[in-house]
Amino acid sequence: MREPLPADMFDELCPSSLNPIRFGDKWAALIICCLEHGPRRFSELRVPLSRVTPKVLTQSLRSLERDGLVKRTVYAEATPHVEYELTPLGRSMLQPIAVACAWTEKHWDELLDARESYDATTRPTAPDS
């Protein structure tokens with residue numbers, strides 16, 4: 001039996017949510033991290049990726065599969081199920097993702113300040129009453 005993925009693996013304060021470096025789509029790096037320790041079912045991925053809709057998670061998994069980063073295996077047993085796992089190419093993404101996450105952690109405050117500053121100057125102003 002494998003360890004379940006922690007529900008708070010990517011909480012809202014996780015540096016990954018601020019990471020400006022994208023690997024594939026918005027969720028690809030997080031999915032790759034979830035698969036680091038072996039195959040997972042869709043329902044297992046949904047636990048730490050609760051902010052991702054099932055439709056978007058499916059699209060991201062298909063995109064990762066198309067790019068050769070994730071392998072999808074269908075088990076036609078008494079209880080059919082599907083598992084996703086990293087390919088060797090997908091596994092090679094773990095180190096660059098770790099570097100990008102470390103960079104984001106180091107520059108967390110600067111990223112937040114820049115976003116807040118940008119948002120403050122680009123918000124539409126309310127018309128005068």
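This passage describes the fold of a predicted model, then two of its helices and a buried salt bridge.

The protein contains six helices and three strands. Read from the N terminus, these elements follow the order α-β-α-α-β-β-α-α-α. The chain counts 129 residues, and 35% of them are buried. Contacts that span long stretches of sequence are well represented: where the two residues lie at least 6 apart in sequence, 62% of the contacts join residues at least 24 apart. The surface exposed by the protein amounts to about 8700 Å², with carbon and sulfur atoms supplying 55% of this area.

Helix 3 makes a good starting point for a closer look. It covers residues 54-66, 13 residues in total, and extends 18 Å between its first and last C-alpha, close to the 18 Å expected at 1.5 Å a residue. Four of its residues, Leu57, Ser60, Leu61 and Leu64, are buried. These residues lie on the same side of helix 3 because they cover an arc of only 100 degrees around the axis. The pattern fits a general rule: an α-helix has 3.6 residues a turn, so residues three or four places apart point the same way. Cover for the buried residues of helix 3 comes from several elements, including helix 1 (28-34), helix 2 (42-46), strand 2 (70-75) and strand 3 (81-86). The face turned away from this buried side carries Lys55, Arg62 and Arg66, which are exposed. Gln59 also belongs to helix 3; it counts as partly exposed because its relative accessibility is 43%. Between the C-alpha atoms of Gln59 and Trp27 the separation is 10.0 Å, although 32 residues part the two along the chain. After helix 3 comes Gly68, which has a positive phi, near 80 degrees.

Helix 5 can be described along similar lines. Its 13 residues, 94-106, reach 18 Å from the first C-alpha to the last, again close to the 18 Å expected at 1.5 Å a residue. Buried here are Leu94, Ile97, Ala100 and Thr104. Because they cover an arc of only 125 degrees around the axis, these residues sit on the same side of helix 5. Among the elements that cover them are helix 1, strand 3, helix 4 (88-91) and helix 6 (108-122). Gln95, Val99 and Lys106 are exposed on the other side of helix 5. Helix 1 and strand 3 thus appear in the cover of helix 3 and in that of helix 5.

Attention turns next to charged side chains. The structure holds one salt bridge, which pairs Glu44 with Arg40 at 3.1 Å, N to O. Both partners are buried. Arg40 is placed in strand 1 (residues 40-41), and it counts as buried because its relative accessibility is 5%, where the cut-off is under 20%. Besides Glu44, the side chain of Arg40 reaches the backbone oxygen of Glu3, at 2.7 Å. Neighbours within four places in sequence aside, the contacts of Arg40 include Arg2, Glu3, Pro4 and Leu5, together with Cys34, Leu35 and Leu45. Val82, Glu83 and Tyr84 are further contacts of Arg40, and these three fall within the range of strand 3 (81-86).

Key: Residues numbered from 1 in each chain as written. Predicted model: local features only at pLDDT ≥ 70, side-chain atom pairs only at ≥ 80, totals over all residues. Heavy atoms only, no water. Salt bridge = Lys/Arg side-chain N within 4 Å of Asp/Glu carboxyl O. Buried < 20%, exposed > 50% of the residue type's maximum accessible area, 1.4 Å probe, protein only. Helix = DSSP H or I, 4+ residues; strand = E, 2+ residues; numbered from the N terminus. Contact = heavy atoms within 4.5 Å. Areas by Shrake-Rupley, 256 points an atom, 1.4 Å probe, with all protein chains shown as cover. Expected span 1.5 Å × (residues − 1). Arc of directions from axis to C-beta. Polar contact = N/O pair within 3.5 Å; in protein donor to acceptor, adjacent residues only side chain to side chain.
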